[in-house]
Amino acid sequence: MSAITTKFVTDHKLTNETSLEELSQYAPGILELLTTGTPLVDKEKRRQARNRLQKGYEFSKEQAFALIPHERIGRSKSQVTSKEGGDVNICLASDTTLEGETIKQTAQRIIKDKLSEKDVKAISRALVETSSDHVVALSRLSRLRRELRTLNTSEKMISATLNPEITRSSNKIQKERSEKRKNEGIDFPDHFSLESVKERLDLYDVSNTPDKQALADVMIMLCIRPAEIKNLRITNGGVTGYAKNRGQQDTPRVFRSLEKNEERAKKLLTWIQEAIVSGQLRDPGKLGSSYLSTFLKKDEFIPKPYKPLLPSSLRKLGSVFASVVHSAKNLSEANTFASEALRHSPDNHASPSDRYTIVNFRRRGQPYDQARAFKLSDEN
C-alpha cells in the first residue's frame, strides 16, 4: 500500500497543508486504486494507506480520513440497521458516481418503491457514514431534501432526512474554517494577477478550442463555482442557473463581471460550456474531479513557499477583481459590486468580505511581501 499511496500523493502534489475540502475531492481516485472487491482486504488496504499518510507525510487523522474514507462510496450495497429495528438494503451513494446511485436517483427510488420514513432515515444515516466529514454529510442531506421536494414528497418524509447533530457539527466546522481564512488570505502568482487574466480574456478567440487556462480565466471572470459551470446563463443584464438557486425560482441576479461587456462575457461563457458538452474540456464540477486543481498546481503557478490556488480560490479572486475594475467610489459601493459579482441574494445584507474577499492583492510584478490584504470591511 505504501507504493500506491506514495505515487498518488506525489502525482497529485498533496501535502499536509492541503485542505480537507480538496483532499475529499481526490477520495474517489485513490479508493479506486485501493479496492479489490473483497471487503476485509479493502478495509485493511485503506487502514495501511491512512497509516502511510500519517506517518510518512505527517497528515492529521482528519486529513487521512478525508482522503481515504471508511467506506468505498457509490459502488456496493450495504445493510443498514434502523433504530426502529430491521435492515434496509440501500446503495451507498455519492453525489455523482457512474457505477453507483446518485442522490437524485436515490430520491426517485424512494418515491418509486414507496419507501417508508424508517427507510429514508436509514438512507440518510448511510449518506452521513460514507461522507469524508460532516460538512460533506450536511451537503448530501440537503441535496436529498431538495430532490425529494422536487418530487412533491410529503414534509414528513423530507423531515426524516434531518439530522440536528450533523447540522450543528457542520456549522461549527465551517465557522472554524472561516475564522482561519480570515487570518490567512489568498496569495496568487503574476500569472493570475488582474492584469494577466484581463489580457488573456481580451485575446481569446472563441472560434478556437479552449484549454484549461481559458476555463480558469472564465471562472475568475464570472466568479463561477465548479458545480455551476454548465448551467450558468447571462441574459439581458441578469445571470441565472447559479448553484445556490437549485430547487428555487431562478430569479436573475445582476450581471457584474471582470469583463464589463455583457455580450463578450456571454460569448466566453458559452464557448467554455460548449467545450465541456462536446468533451473538449472536462467538467470541473464533477464529484471527485481533480482536472482543474491539478492544472492550478503547476510549478510555475506556485510562488514558494506559498500554497497553490484551489478551484474555489478563482471565485474569490474574481470578486476582488470585479470590485477593482468597476472602480467603486466608496466602501458601500465596493461591497455592492463584490456581492453582485458573487451573485449573492439582494436580501443578504452581510458583507462578503469575511468569506470571499480576503485576498492578498498586488499588481503584476509587485513583490509578494508588498501584497496587501484586500478586505472590503477595512476602513482603508
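# Exercises on a predicted model

Let's start at Q63, which has its place in helix α5 (residues 61-67); helices (H or I, at least four residues) and strands (E, at least two) are DSSP runs, numbered from the N terminus. Keep in mind that this is a predicted model: local features need pLDDT of at least 70, side-chain atom pairs count only at pLDDT 80 or more, and totals for chains, interfaces and linings use all residues. Residues are numbered from 1 along each chain as its sequence is written, and side-chain values use heavy atoms, with hydrogens and water left out.

## Exercise 1: the surroundings of Q63

Work out whether Q63 is buried or exposed, and which residues it is in contact with.

Step 1. Get the cut-offs straight: buried means under 20% relative accessible area, exposed over 50%, partly exposed in between (1.4 Å probe, protein chains only). Q63 has 8% relative accessibility, so it counts as buried.

Step 2. Look for contacts, meaning heavy atoms within 4.5 Å. Leaving aside neighbours within four places in sequence, Q63 is in contact with T15, N16, E17, T18, L20, L23 and E58.

Step 3. Zoom in on T18: the side chain of Q63 reaches its backbone oxygen at 3.2 Å. That fits a polar contact, a pair of N or O atoms within 3.5 Å; within protein, one must be able to donate a hydrogen and the other to accept it, and residues adjacent in sequence count only if both atoms are side-chain atoms.

## Exercise 2: the nonpolar cores

Find which residues touch the most other members of the largest nonpolar core.

Step 1. Know what to look for: a nonpolar core is a set of buried Ala, Val, Leu, Ile, Met, Phe, Trp, Tyr and Cys residues joined through side-chain atoms within 4.5 Å.

Step 2. The largest one has 44 residues, and F192, L258, I272 and F321 touch the most other members. The elements giving two or more residues to this core are α11 (194-203), α12 (212-221), α13 (262-278), α14 (291-296), α15 (311-325) and β6 (359-361).

Step 3. Take a closer look at L258. Not counting residues up to four places away in sequence, L258 touches L194, V197, K198, L201, I220, M221, F321, A322 and V325.

Step 4. Don't stop there: a second, separate core has 17 residues, including I103, L144, L148 and I158.

## Exercise 3: aromatic rings

How many aromatic pairs are there, and what do F8 and Y26 form?

Step 1. Apply the rule: rings of Phe, Tyr and Trp (its six-membered ring) pair if their centres lie within 6.5 Å; planes under 30 degrees apart count as stacked, over 60 as edge-to-face and the rest as tilted. The count comes to six aromatic pairs.

Step 2. F8 and Y26 form an edge-to-face pair, 6.3 Å centre to centre with 85° between the planes. F8 lies in helix α1 (residues 2-11) and Y26 in the loop between α2 (20-25) and α3 (27-33), so the pair ties together parts that are 18 residues apart in sequence. F8 is buried, with a relative accessible area of 6%, and Y26 is buried too, at 2%.

Step 3. Now try F188 and F361, a tilted pair at 6.4 Å centre to centre and 50° between the planes. This pair links distant parts of the chain: F188 in the loop between α10 (164-184) and α11, F361 in strand β6, 173 residues apart.

Step 4. Ring pairs link F188, F321 and F361 into a cluster.

## Exercise 4: salt bridges

Find where R343 and E228 lie, and set their salt bridge beside the one between K7 and D11.

Step 1. A salt bridge is a side-chain nitrogen of Lys or Arg within 4 Å of a carboxyl oxygen of Asp or Glu. The structure holds 16 of them.

Step 2. K7 and D11 meet in one (2.7 Å, N to O). Both lie in helix α1, four residues apart, about one turn of the helix. K7 counts as exposed at 53% relative accessibility, while D11 is partly exposed, with a relative accessible area of 42%.

Step 3. R343 forms a salt bridge with E228, the closest N and O atoms being 2.7 Å apart. R343 lies in the loop between α16 (331-341) and α17 (353-356) and E228 in the loop between α12 and β3 (233-235), so this pair ties together parts that are 115 residues apart in sequence. Both R343 and E228 are buried.
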